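Welcome, and please open your viewer so that we can walk through this protein together. At each stop you will hear what to select and what to look for.

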Amino acid sequence: MTSPQRNTTPADGPFSPATLGPLTLRNRLIKCATFEGMTPDALVTDDLIEFHREVAAGGVAMSTVAYCAIAPEGRTDRHQIWLRPEAMPGLRRLTDAIHAEGAIAAAQLGHAGPVANSVSNRAKALGPSRIPAPMGMSVTHKVSLDDIAGLHATFRRAARIAVDSGFDGLEIHCGHNYLISCFLSPLLNHRRDGYGGSLVNRARLAREVVESVREEVGDEAAVWVKLNMYDGVGRPGPGRGGRRWSGFNIDEACSVAQLLESDGHLDAIEPTAGSSLLNPMYLFHGDAPRAAFADAFRGTMRWGLKAAGPFFLKHYDYHDGYLLPLARQLRAAVDLPLILLGGVTDRASMDTALAEGFDFVAMGRALLREPDLPLRIAADATTTSACTHCNLCMPTIYSHTRCPVRTGEVLA
């Protein structure tokens, strides 16, 4: 398979059709993966179906179902969907509902690694090395070479279940210090075998997983990765004793993207940033709702967040297209289609993305506030988003993801 070519020119508008691998999308707007918190039994619910149906009806070309774990220990907690045969009937109902609104359905395939709650899952969290797994107040199990071979097979099986359940696109999660992202990070990957040390070694798991998924689904689905550009921690260069103490950075991200492009298995890349382990707010620019986050937990986690909130939940000022400066560097490094994420909420930011060579734009928080925002922008290019970037939606992922302003729980 050869790498797909970009299909965007500055003259194309965001509401023009576009191709993504074997798919034709009705426009260039994608609902990005944001955990919905609507699967208490790790199975699809009517609430989850309605959530994605409403977004699809609101005008996006594709809606992405978040955090479809490939295995039970790969969930952030036991309430998250994991891809298995008994989940398929519900997943088929979900994809049918998205398709009925004229949109395409995508599944985000991933393994949470050290972000998993081992206590909730009743299974050890996994990591490239023995590193903290704070959600379960534990340390990770260092995956063995046999474990890695098993991960290839598990990703393949999950991809097959997703496609057979009606999903048109598969997004492989290589961001936010989930398992694959941890392997990429020099701060978290301390291995001395063929999966650690050099960047080529640290990128090996990502490349193998992508190859396994593509071999399984062929052209039955589009395949792309959500790739970290920067973990938001440390700084480039060595620390004490010459040991590097920074996380994954944009220079390495560009090199990994080039490796993935050269392999020829991907249809696109969605650049992202931040670390669910170390710096989650780097992705979610805007207010840092520390008190609301702490109140979403009980016991030790609540008190820990109250104490560590200013250090863990940092504030980053919001501005339109806030990930664009990093993403420009990735755009210059590869020819693969790119999906721009981060502060795309109006026609002007969409037009900027396309003019700079991005093929698609992804929206998240703005669609929680107004699921029909794309239709309204299409009808009136001067439409502005009502999202204030207060980020009070973020703590709701642990119960039932929503915009508290939209539901009237807080005042706008």
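Begin by selecting strand 5, residues 104–110, together with strand 10, residues 169–174: these two run parallel and are joined by four bridges. Keep in mind as you look that this is a predicted model.

**Stop 1: two strands side by side**

Zoom in on the pair and pick out two of the matches. Gln-108 has Glu-171 as its bridge partner in strand 10. Leu-109 is matched with Ile-172 of strand 10.

Now colour strand 5 by burial. How many of its seven residues are buried? Seven of the seven are, so this strand is mostly covered. Turn the view to see one side, where Ile-104, Ala-106, Gln-108 and Gly-110 are buried. Then turn to the other side, where Ala-105, Ala-107 and Leu-109 are buried too. The two lists skip along the chain because side chains in a regular strand alternate between the two faces of the sheet.

**Stop 2: the neighbour on the other side**

Add strand 4, residues 62–69, to your selection. Six bridges join strand 4 to strand 5, and the two run parallel. One place to click is Ala-69, whose bridge partner in strand 5 is Gly-110.

How does the chain get from one strand to the next? Show helix 2, residues 88–100: strand 4, helix 2 and strand 5 make a right-handed β-α-β unit.

While strand 4 is on screen, select Tyr-67, which lies in this strand. Its phi is positive, about 50°, although Tyr-67 is not a glycine. Most residues other than glycine have a negative phi. Is Tyr-67 buried or exposed? With a relative accessible area of 16%, Tyr-67 is below the 20% limit and therefore counts as buried.

**Stop 3: the whole sheet**

Zoom out and show the strands in the order 12-11-10-5-4-3-14-13. These eight strands form an open sheet with parallel pairing. Which strands stand at the edges? They are strand 12 (268–272) and strand 13 (339–341); each has a single partner strand, so one side of each is left without a neighbour in the sheet. Looking across the sheet, you will see a twist: neighbouring strands are turned by 30° against each other on average, direction ignored.

**Stop 4: helices across the strands**

Next, show helix 4, residues 145–164. Helix 4 lies across strand 5 and strand 10, and runs at about 160° to strand 5. Then add helix 7 (residues 204–217), which lies across strand 10 and strand 11 (222–228) at about 165° to strand 10.

Stay with helix 4 a moment longer and click on Asp-146, which is in this helix. Asp-146 is exposed, with a relative accessible area of 67%. For a long jump, draw a line from Asp-146 to Arg-347: their C-alpha atoms are 49 Å apart, and 201 residues separate them in sequence.

**Stop 5: the nonpolar cores**

In soluble globular proteins, nonpolar side chains tend to be buried together. Here the largest nonpolar core has 118 residues, and Leu-170 and Ile-172 have the most contacts inside it. Helix 4 gives the most to this core, with eight residues.

Select Ile-172 and look around it. Leaving aside neighbours within four places in sequence, Ile-172 is in contact with residues including Leu-109, Phe-155, Val-213 and Trp-224. Apart from the largest core lies another one, of 14 residues, among them Phe-35, Tyr-67, Ala-112 and Cys-182.

**Stop 6: a loop and a late segment**

Follow the chain on from strand 10 to His-176, in the loop between strand 10 and helix 5 (179–184). Phi of His-176 is near 60°, a positive value in a residue other than glycine. This residue is buried, with a relative accessible area of 5%.

Now jump to Ser-399, in the segment after helix 14 (373–379). At 46% relative accessibility, Ser-399 counts as partly exposed. Select Gly-37 as well: the two residues are 362 residues apart along the chain, yet their C-alpha atoms are separated by 5.5 Å.

**Last stop: an annotated span**

Finally, select residues 15–234. An unreviewed UniProt entry annotates this span as "domain: NADH:flavin oxidoreductase/NADH oxidase N-terminal". The span is 33% helix and 20% strand, and its end C-alpha atoms lie 39 Å apart.

Conventions: Residues numbered from 1 in each chain as written. Predicted model: local features only at pLDDT ≥ 70, side-chain atom pairs only at ≥ 80, totals over all residues. Heavy atoms only, no water. Core = buried A, V, L, I, M, F, W, Y, C linked by side-chain atoms within 4.5 Å. Buried < 20%, exposed > 50% of the residue type's maximum accessible area, 1.4 Å probe, protein only. Contact = heavy atoms within 4.5 Å. Pairing = 2+ DSSP bridges. Axes fitted to C-alpha atoms, helices over the stretch in contact; angles between N-to-C directions. UniProt positions renumbered as here; feature names shortened; annotations may be inferred. Right-handed = clockwise from strand over helix to strand, strands pointing away.
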